[in-house]
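Me: Got a minute to walk through a model with me? I'd like a quick tour before I set anything up.

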Amino acid sequence: MSPRKSTRKTQAEAPAEQLAPAAPAPLFTAAIDVRWRDLDAFNHVNNSNYLTYLEEARLQWLSHVPGPWFDDHAMPVMAAVQLNYRRPIEWPAQLRVELFCERLGTSSMTIVHRILDAADHERLYADGHVVMVWMDPASGKPVPLPDAIRAAAA
């Protein structure tokens, strides 16, 4: 009797590339081009620029929200960020940043994000989430989410 050869891949044999897991329809998708100035000494996008790409995607989404999402008494601030770097982004690259609403609270929302290659949506560069809180800038206290945000995220 000959021993059976296992067809399971060990962790060492598994592909090193990260693939994007299946996700529900995004709240918003932003197209972002990587700029030459985004590169660091290792010739890939500096880690701090990933946050800039996410900020740009959130601002693009907010600019498409119908109705007022901020005023003199309610403005969004980022309260927390979690970012998993899955692979380096090299230049030139075009990115697809997907935003998903994970949770709506009284004064905050959690936005899940994924940074993908625009041409290959299975190529995942980063994922994670941010918590945005709407606050009164004068008092520094949280205020209820604007109706426009609730409607846009529903």
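What follows is a chat about this fold, its strands, its charges and a few odd spots.

Me: Okay, where does this model come from, and what elements does the protein chain have?
Reply: It's a predicted model. The protein chain has 2 helices and 5 strands, and from the N terminus on the order is β-α-β-β-β-β-α.

Me: What share of the residues is buried?
Reply: 36% of the 154 residues in the protein chain count as buried. The chain exposes about 9700 Å², with carbon and sulfur atoms supplying 54% of that.

Me: And the contacts, how many of them join residues at least 24 apart?
Reply: If you take contacts between residues at least 6 apart in sequence, 68% join residues at least 24 apart.

Me: Let's do strands. Which way do β3 and β4 run relative to each other, parallel or antiparallel?
Reply: Antiparallel, with 9 bridges joining β3 (residues 94–104) to β4. The two form a hairpin with 3 residues between them. One of the pairings puts Leu95 with Asp117 of β4 as its bridge partner.

Me: What about β4 and β5?
Reply: Those run antiparallel too, and 9 bridges join β4 to β5 (residues 124–135). That hairpin has 6 residues between its strands. Thr110, for instance, stands opposite Val131 in β5.

Me: So is β4 mostly covered or mostly open?
Reply: Mostly covered: 9 of the 10 residues in β4 (residues 108–117) are buried.

Me: Changing topic to charges. How many salt bridges are there?
Reply: The structure holds 4 salt bridges. Arg96, Glu98 and Arg114 are linked in a network of them.

Me: Nice, what are the distances in that network?
Reply: For Arg96 and Glu98, the closest N and O atoms are 2.7 Å apart. Arg114 and Glu98 also meet at 2.7 Å, N to O. Arg114 sits in strand β4 and Glu98 in strand β3, so that pair ties together parts 16 residues apart in sequence.

Me: Are the network residues buried or exposed?
Reply: Arg114 and Glu98 are both buried, and Glu98 has a relative accessible area of 5%. Arg96 counts as partly exposed because its relative accessibility is 22%, and the buried class stops under 20%.

Me: Give me another salt bridge, away from that trio.
Reply: Arg35 pairs with Asp38, with the closest N and O atoms 2.8 Å apart. Asp38 is buried at 1% relative accessible area, whereas Arg35 is partly exposed at 33%.

Me: Which buried charge has no salt bridge?
Reply: Arg58 is buried yet has no salt bridge. The nearest side chain of opposite charge is Glu55, 5.3 Å away. A salt bridge needs the nitrogen within 4 Å of a carboxyl oxygen, so Glu55 at 5.3 Å doesn't make the cut.

Me: Where is Arg58, and what is it in contact with?
Reply: Arg58 is in helix α1 (residues 47–64). Leaving aside its neighbours within four places in sequence, Arg58 is in contact with Met78, Leu99, Ile111, Val130 and Met132.

Me: Met78, hmm. Which nonpolar surface patch is that residue part of?
Reply: Met78 joins Leu51, Val81 and Tyr85 in a nonpolar surface patch of about 340 Å². Strand β2 (residues 75–85) gives the most to that patch, with 3 residues.

Me: How exposed is Tyr85?
Reply: Tyr85 lies in strand β2 and is partly exposed, with a relative accessible area of 41%.

Me: Last topic, backbone geometry. Where's the cis peptide bond?
Reply: Between Trp91 and Pro92, with omega about 0°. Pro92 lies in the loop between β2 and β3.

Me: Which residue has a positive phi although it is not a glycine?
Reply: Asn43, with a phi of about 70°. Most residues other than glycine have a negative phi, and most peptide bonds are trans.

Me: Where does Asn43 sit?
Reply: Asn43 is in the loop between β1 (28–33) and α1. Asn43 is partly exposed, with a relative accessible area of 48%. In space, Asn43 and Pro88 are 9.5 Å apart, C-alpha to C-alpha, with 45 residues separating them in sequence.

Key: Residues are numbered from 1 along each chain as its sequence is written. This is a predicted model: local features need pLDDT of at least 70, side-chain atom pairs count only at pLDDT 80 or more; totals for chains, interfaces and linings use all residues. Side-chain values use heavy atoms; hydrogens and water are left out. Helices (H or I, at least four residues) and strands (E, at least two) are DSSP runs, numbered from the N terminus. Buried means under 20% relative accessible area, exposed over 50%, partly exposed in between (1.4 Å probe, protein chains only). Lys and Arg count as positive and Asp and Glu as negative; His and the chain ends are not counted. Contact means heavy atoms within 4.5 Å. Two strands pair if DSSP finds at least two bridges between them. Patches are made of residues with over 30% relative accessible area and no salt bridge: like charges are joined within 9 Å, nonpolar side chains (Val, Leu, Ile, Met, Phe, Trp, Tyr) within 5 Å. Accessible areas come from the Shrake-Rupley method with a 1.4 Å probe; for residues, only the protein chains shown count as cover.
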